[in-house]
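Biologist: I should like to request a close look at a single part of this structure. Please choose one strand and describe its surroundings in a connected account.

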Amino acid sequence: MSDPSTTRIGVAIDIPEPWGELLTRRRAEAGDPQAAYTPAHVTLLGPTEVRTDAMPRIEKHLEAVAAAQVPFTIHLRGTGTFRPVTEVVFVTLAVGISECELLAEAIVSTDDVNRGTRFPYHPHVTVAQDVPSEALDAVFDDLAGFSAKFHVPAFTLFSHGGEGPWRRRRDYTLGAPVN
């Protein structure tokens, strides 16, 4: 049972169709169990425990973060890996890296979000993680020629209760005035 005084959140940019479904399906085909719970996305804030009573302030903060960033374009192209440090294969961002980095930095700029990270932030779309090396190699090769370009009008706040899929809490429109 989860602690009611804390909430696990994450912030991400959804990968639109038809690419989102394709990348999520390829992740599942690699044997990655997270594919069933986590659709294809670019993480801005990975899974983070926050105080439940801080959620209204966090949501207000995310409004301000979104208002300060104009919509932008992401171009996904080719694959990369974090091996040998971690067993991850991902689709790389060819365009949109700086915007994602700025958003990620702004999201954690509130005292209500304390995110200790093991690794520097690197925007990407995970397509296989913690699966056998052969599966990682196959995904790396299969998606090496992948390319998708799309407009990013918003990011999304998700929450997770400890089991099952992440739940969408709220979308934040980029460049929208703060209420």
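Modeller: A residue is called buried here when its relative accessible area is under 20%. The model is a predicted one, and the part chosen is strand β7, residues 154-160. By that cut-off, six of the seven residues of β7 are buried, so the strand is largely enclosed by the rest of the structure.

The strand partners of β7 may be taken in turn. Strand β1, which spans residues 6-14, pairs with β7 in the antiparallel sense, over five bridges. Within β7, T156 stands opposite A12. Strand β8, residues 167-173, also pairs with β7 in the antiparallel sense, here over six bridges. S159 has R167 of β8 opposite to it. The connection between β7 and β8 is a hairpin with six residues between the two strands. In the turn of this hairpin, G162 has a positive phi of about 110°.

Side chains add to this picture. A search of the whole structure finds three aromatic pairs. One of them is formed by F155 and Y172, whose rings are stacked, at 5.5 Å centre to centre and with 25° between the planes. Because F155 lies in β7 and Y172 in β8, the pair ties together parts that are 17 residues apart in sequence. Both F155 and Y172 are buried. The strands β7 and β8 are thus linked by the six bridges of their antiparallel pairing, by the hairpin and by the aromatic pair of F155 and Y172.

For comparison, another aromatic pair is that of F82 and F90, which is tilted, with 4.5 Å centre to centre and 35° between the planes. The planes of a stacked pair must be under 30 degrees apart, so the angle of 35° between F82 and F90 does not qualify, whereas the angle of 25° between F155 and Y172 does. As to exposure, F90 is buried, with a relative accessible area of 4%, whereas F82 is partly exposed, with a relative accessible area of 26%.

Burial can also be described for a helix. In α1, residues 19-29, the buried residues are G20, L23, T24, R26 and R27. These residues cover an arc of only 160° around the axis, which puts them on the same side of α1. Among the elements that cover them are β3 (72-81), β4 (88-95), β5 (124-129) and α4 (133-142). After α1 comes G31, which has a positive phi, near 95°.

Terms used
Residues numbered from 1 in each chain as written. Predicted model: local features only at pLDDT ≥ 70, side-chain atom pairs only at ≥ 80, totals over all residues. Heavy atoms only, no water. Buried < 20%, exposed > 50% of the residue type's maximum accessible area, 1.4 Å probe, protein only. Helix = DSSP H or I, 4+ residues; strand = E, 2+ residues; numbered from the N terminus. Arc of directions from axis to C-beta. Contact = heavy atoms within 4.5 Å. Phe/Tyr/Trp six-rings, centres within 6.5 Å; stacked < 30°, edge-to-face > 60°. Pairing = 2+ DSSP bridges.
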